[in-house]
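Colleague: I should be grateful for a close look at one part of this model, namely the strand pairing around a single hairpin. Please set it in the context of the whole chain.

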Amino acid sequence: MPALLEIDHLSKAFGGVAANVDISFDVEQGEILGLLGPNGAGKTSLFNSISGEVTPDEGEIRLDGRRISGLGPVACAEAGIARTFQVVRSFDSMTVLENVMVGAFSRHPGTHAAMRAATDVLTFCNLLERADRPAHALSPPEKRRLEVARALAIEPRIILLDEMLTGLTPTEAQEGVALVRKVQARGITILMVEHVMEVVLPLVSRAVVLDLGKVLTIGTPEEIVHDPEVIRAYLGEKYAPAA
Ligand SMILES: Nc1ncnc2c1ncn2[C@@H]1O[C@H](COP(=O)(O)OP(=O)(O)O)[C@@H](O)[C@H]1O
Ligand SMILES: [Mg+2]
């Protein structure tokens with residue numbers, strides 16, 4: 001059986017900038033995999049290829065053994081790939097419910113069915129009492145939860161979370177962590193970019209560390225924090241093992 005998601009020798013350049021260079025790793029069904037690395041390492045670019053916004057120059061991406069790279073965002077969503085954006089992209093003037101219905105329509109073409117499905121997702125994301133508010137009126141953590149709700153509304157197999165906890169207070173981030181665990185408990189596989197190590201490492205079974213567009217290492221949280229290359233390129237001495 002192939003892994004749920006396979007990244008196979010993927011490369012992508014923008015002009016002269018090599019954003020992703022020969023990246024290969026698998027995401028297993030049901031796991032939470034971390035995608036780490038300094039700013040500019042190529043994390044969001046990789047998400048753009050996986051979600052179909054961008055076509056890789058080389059290599060391919062497979063979901064359940066079937067090539068999805070290059071098919072475009074609609075086909076990737078249809079196949080079961082959802083994402084959130086580092087910069088929140090909800091429709092500001094639409095209500096919270098309408099925002100989630102946009103995703104729900106892809107699985108439930110009728111208005112009533114889409115509304116019912118969207119309402120379920122809002123309940124799951126603890127946003128139901130905000131359903132009739134315009135999206136712009138939400139607080140920052142609520143806006144992050146709305147991004148997750150919009151992604152869940154397409155009923156994905158895998159969800160890509162791009163810095164969904166960045167900029168939140170520690171309490172708000174812990175609420176976000178609880179939501180990530182609930183999503184996993186639903187059987188949805190998660191690939192997440194996050195910078196706060198104390199938050200992300202307890203969540204993930206494994207992490208891939210990118211640096212300068214390349215895979216620096218792949219390992220368990222324990223292996224990652226003790227890897228000299230990762231400490232040098234990303235974590236700094238704070239995470240160096242005690243002598
Ligand atoms: N659409 C694009 N056009 C030009 N350069 C891009 C584009 N997307 C990403 N890049 C470049 O690719 C590199 C990796 O960026 P990115 O994937 O956003 O990194 P990360 O998310 O890890 O911070 C950066 O040098 C960035 O400027
Ligand atoms: Mg990014």
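Modeller: Two strands are taken to pair if DSSP finds at least two bridges between them. The model is a predicted one, and on that footing strand β9, residues 206-211, has partners in β3 and in β10. With strand β3, residues 32-36, the pairing is parallel and extends over 4 bridges. Within it, L36 lies opposite V209 of β9. Strand β10, residues 214-219, runs antiparallel to β9, and 5 bridges join these two strands. Here L210 has V215 in β10 as its bridge partner. The β9 and β10 strands form a hairpin with 2 residues between them, and in that turn L212 has a positive phi of about 50 degrees. As to side chains, those of a regular strand alternate between the two faces of the sheet.

As for the whole chain, its secondary structure comprises 9 helices and 10 strands. Of its contacts with a separation of 6 or more, 64% are between residues 24 or more positions apart. The radius of gyration is 18 Å, which agrees with the value near 18 Å for a compact globule of 243 residues. Along the principal axes, the C-alpha atoms fill a box of roughly 55 × 40 × 35 Å. Buried residues account for 42% of the 243 residues.

One buried residue outside the hairpin is A151, in helix α5, residues 140-152. A151 counts as buried because it has 27 C-beta neighbours inside 10 Å. Beyond its neighbours within four places in sequence, A151 is in contact with A82, R83, T84, P156 and I159.

Methods. Residues numbered from 1 in each chain as written. Chains lettered and ligands numbered in written order. Predicted model: local features only at pLDDT ≥ 70, side-chain atom pairs only at ≥ 80, totals over all residues. Rg over C-alpha atoms; globule rule 2.2 N^0.38 Å. Buried ≥ 20, exposed ≤ 12 C-beta atoms within 10 Å, placed from the backbone. Contact = placed C-beta atoms within 7 Å.
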